[in-house]
Amino acid sequence: MTAGVKTIVALSVCLAAGFLLSILSCALYGNWWPLVVVFTYAVAPLSNAVFGRFVSSDPLADVSSSVADFGRFVTAILVVSGLGLPVVLAHAGIITHPAMTMSVLGGVLVYGTIIVYSSLFRSQSHDF
């Protein structure tokens with residue numbers, strides 16, 4: 001399945017809405033702590049992209065690269081931290097619950113957009 005212009009526009013709108021929710025969760029409630037989560041938006045895909053280069057190109061190989069597994073592990077830590085940090089901040093009383101909700105929804109939109117983009121635009125080369 002090829003992704004067209006409509007797909008790119010829809011993903012752009014979702015990504016912009018996610019960042020907008022994250023920034024509004026800070027601006028509307030006068031507390032800029034949820035903005036720390038935006039740092040994890042940028043760093044989470046980078047570790048997977050850098051360490052993902054060490055994956056074997058043979059799909060039938062039973063060999064697993066520990067470097068690629070470490071990259072997936074770091075990505076998972078950053079995604080869970082990005083989604084869980086607003087919950088911890090709200091539980092501690094540092095941010096309000098509506099700010100937490102907006103920040104978590106923004107994170108879900110941003111991470112969902114990254115996952116959909118990477119699955120749609122993954123290069124699939126079939127050499128027969």
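**Nonpolar cores and the packing of helices 1 and 4**

In this predicted model, the largest nonpolar core consists of six residues, namely Val37, Tyr41, Ala44, Leu78, Val110 and Tyr111. Two or more residues of this core are given by each of helix 2 (36-51) and helix 4. Helix 2 supplies the largest share, three residues. A further core, of five residues, lies apart from it and includes Leu89, Ala90, Ile95 and Ala99.

Val110, a member of the largest core, also belongs to the contact between helix 4 and helix 1. When residues up to four places away in sequence are not counted, Val110 touches Leu15, Gly18, Phe19 and Tyr41.

Helix 1 (residues 5-27) packs with helix 4 (residues 97-120) at an angle of about 155°, and their axes are 7 Å apart. Helix 1 is therefore roughly antiparallel to helix 4, an assignment made for angles over 145 degrees. The crossing of the two helices is left-handed. On the side of helix 1, the contact is formed by Thr7, Leu11, Cys14, Leu15, Ala17, Gly18, Phe19, Leu21, Ser22, Leu24 and Ser25. Helix 4 contributes Ala99, Met102, Ser103, Leu105, Gly106, Gly107, Leu109, Val110, Thr113, Val116, Tyr117 and Leu120. By residue class, this contact comprises 15 nonpolar and eight polar residues, with no charged residue. Ala99, one of the helix 4 residues in the contact, is also among the residues of the five-residue core.

How values were computed:
Residues are numbered from 1 along each chain as its sequence is written. This is a predicted model: local features need pLDDT of at least 70, side-chain atom pairs count only at pLDDT 80 or more; totals for chains, interfaces and linings use all residues. Side-chain values use heavy atoms; hydrogens and water are left out. Axes are lines fitted to C-alpha atoms, for helices over the stretch in contact, and angles run from 0 to 180 degrees between N-to-C directions. Angles under 35 degrees count as roughly parallel, over 145 as roughly antiparallel, 65 to 115 as roughly perpendicular and the rest as oblique. A crossing is left-handed if the near helix is turned anticlockwise from the far one by less than a right angle, and right-handed if clockwise. Contact means heavy atoms within 4.5 Å. Ala, Val, Leu, Ile, Met, Phe, Trp, Tyr, Cys and Pro count as nonpolar, Asp, Glu, Lys and Arg as charged, and the others, Gly among them, as polar. A nonpolar core is a set of buried Ala, Val, Leu, Ile, Met, Phe, Trp, Tyr and Cys residues joined through side-chain atoms within 4.5 Å. Buried means under 20% relative accessible area, exposed over 50%, partly exposed in between (1.4 Å probe, protein chains only).
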